[in-house]
Amino acid sequence: MRHIAIIGSGPAGYYTAEAAQKQWGDGVRIDVFDMLPVPYGLIRTGVAPDHQSIKGVARRYEATAMCENCRFVGNVMIGRDVSVAELQELYDAVVLATGAPHDRKLGLPGENLPNVYGSAAFVGWYNGHPLFANLDPDVSGHTAVVIGMGNVALDVARILCKTREEFAGSDIVSHALDVLEESKIRRIVILGRRGPHQIMMTPNELGELSHLSRGAPRVDPEDLPEEGEDTLLEPGLRKSVTHLRSFAAIPESHYADTPIEIEFDFFASPTALIGTDRVEGIEVERTTVEAGRAVGTGETYVIPASLVVACIGYQTSRIPGVPFDERAGRFPNDEGRILPGLYCVGWARRGPSGTIGTNRPDGFSVIERIVEDIDSGALGHGGKQGRAGFDLLAEARGLEVVTFRDWKKIEAEEERRAREDAPREKFVDVGAMIRAKD
Ligand code: NAP
């Protein structure tokens, strides 16, 4: 019997579990750990609440989780409740699928001013992540600046624009919906340090900006390169740039009837956050793009801002005893191998990029590496205790482990308390989640 511990129950974790099931069938026992009492990581607390069809992938993970050979071990934080070294004693392989749940820092003066947030915190707030549910952002000012030109920046801009009616069918948590309903934000500036040909936004997500009842995107035609240059772009990016061109063609009269403008500010690199008691503005430097890189021109200007959300990427959490690549913000690894018997997968392996589906080949690939290491004898000769050993340890430590069956009770309770037009009302603190299962 092979014993595999997977740390993290998001896409990378469950695709790895699925790959292990395909590899060993009934010859494997898989424990999928999560620090929260609820599974699915990024799907639950990262994917936008109005993208329910994307969240539907959780049903696939549920099928994996319900197999006899797989167990969800919730409410256990590896590195705090149990060490990685202890897990390595118990399991043949330990796979870190911890994602990249922390914000990369801007590293700019004023970054810690009130009402400046990273996207992990801000997205976590409207998605009900227990760590960020109490963020309480102030949306009573006029202008929000969203830094970065990736899909997370689009998520944040869209969520700041939507009306209560437009959130119908979403699972945005009520505390965020109530705050956003009172929002006075009328201008959202999306700041990109490079140009329209260097955006990371994908076409479908950009296209959504055209369908907001009270928001309209604004692109300065002067910022767009000659149309002929678009032919050099790869097809996805070319489609995205076509959206930008259609935004640039929106007649001025349209904005008179639109309460919120979503303005694309290209060639603008943030240099400082300005304010005394809270953020009041952001200083940016004009750039030009040379050989694909942003180069400062020395010209600066200030955009007034009452709220700033930096959507510039994420990093992985450190885990005591596990090497960490500070610069890359993830675990150093060779094709997923960190140390003998210790692996990483998904964003914890390759950084925060790609779609949810990208994690599936990742999961299958790490299981292939584990098979190679078993075959070469690098992982010893089995005989590990696996879950039976973990259960003894958990009992000795007094850990309150949440099982998949418990999660199904929490889920049923979240569905029961949902607003009329919502699939669920998430619990946003760990205590409430645990009480819901009892
Ligand atoms: P991303 O796609 O890597 O975009 C990050 C943006 O931040 C880039 O425009 C980058 O500019 C900018 N940036 C980085 N450091 C900066 C700095 N110091 N100052 C100013 N700008 C800076 O990351 P993301 O938006 O966080 O998305 C992460 C992954 O999740 C992506 O693969 C994304 O597609 C995916 N995602 C998908 C969806 C969806 O499909 N619906 C939704 C959300 C997220 P440079 O390019 O100049 O570095």
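The points below walk through selected parts of this predicted model, from one strand to its helices, sheets and loops.

1. Because this is a predicted model, local features need pLDDT of at least 70 and side-chain atom pairs count only at pLDDT 80 or more, while totals for chains, interfaces and linings use all residues. Residues are numbered from 1 along each chain as its sequence is written, and side-chain values use heavy atoms, with hydrogens and water left out.

2. A good place to begin is strand β1 (residues 2-7); helices (H or I, at least four residues) and strands (E, at least two) are DSSP runs, numbered from the N terminus. Six of the six residues of β1 are buried, so the strand is largely enclosed by the rest of the structure, where buried means under 20% relative accessible area, exposed over 50% and partly exposed in between (1.4 Å probe, protein chains only). Arg2, Ile4 and Ile6 point one way from β1, whereas His3, Ala5 and Ile7 point the other way, and all are buried.

3. Which strands pair with β1? Two strands pair if DSSP finds at least two bridges between them, and β1 is joined to strand β2 (residues 28-33) by six bridges, the two running parallel. The chain passes from β1 through helix α1 (residues 11-24) to β2, and this β-α-β crossover is right-handed, meaning that, with the strands pointing away from the viewer, the path from the first strand over the helix to the second runs clockwise. Strand β4 (residues 93-96) also pairs with β1 in the parallel sense, over four bridges. Isoleucine 4 can be followed to both partners, since it stands opposite isoleucine 30 in β2 and has alanine 93 as its bridge partner in β4.

4. Alanine 5, in strand β1, has 0% relative accessibility and therefore counts as buried. Leaving aside neighbours within four places in sequence, alanine 5 is in contact (heavy atoms within 4.5 Å) with Asp31, Phe33, Leu87, Tyr91, Ala93, Val94 and Val95.

5. Two packed helices are described by the angle between their axes and the distance between the axes. The axes of α1 and helix α13 (residues 359-375) come within 8 Å and cross at roughly 50°; axes are lines fitted to C-alpha atoms, for helices over the stretch in contact, and angles run from 0 to 180 degrees between N-to-C directions. The two helices are therefore oblique to each other, given that angles under 35 degrees count as roughly parallel, over 145 as roughly antiparallel, 65 to 115 as roughly perpendicular and the rest as oblique. Residues making this contact include Tyr15, Ala19 and Trp24 of α1, and Phe364, Ile367 and Ile370 of α13.

6. A second helix pair is formed by α15 (residues 404-416) and α16 (residues 430-437), whose axes come within 8 Å and cross at roughly 105°. That angle makes α15 roughly perpendicular to α16. The contact is made by Asp406, Lys409, Ile410 and Glu413 of α15 together with Met433, Ala436 and Lys437 of α16.

7. Three strands form an open sheet with antiparallel pairing, in the order β11-β12-β13. Its edge strands, β11 (268-275) and β13 (293-304), each pair on one side only, and the twist averages 20° from one strand to the next. Seven bridges join β11 to the antiparallel strand β12 (residues 279-290), and within this pair alanine 268 stands opposite arginine 286.

8. Another open sheet has six strands with parallel pairing, in the order β6-β14-β7-β8-β10-β9, and its edge strands are β6 (116-118) and β9 (215-218). Four bridges join β9 to strand β10 (residues 260-265), where arginine 218 stands opposite glutamate 263. Helix α6 (residues 119-126) packs on the sheet, touching β6 and β14 (307-310), and its direction makes about 85° with that of β6. Helix α7 (residues 151-161) also packs on the sheet, and its direction makes about 180° with that of β8.

9. Two loop residues deserve a look at their backbone angles. Tyrosine 40, in the loop between β2 and α2 (42-45), has a positive phi near 90° although it is a residue other than glycine, and with a relative accessible area of 5% it is buried. Asparagine 115, in the loop between β5 (102-103) and β6, likewise is not a glycine and has a positive phi of about 75°, and at 5% relative accessibility asparagine 115 counts as buried.
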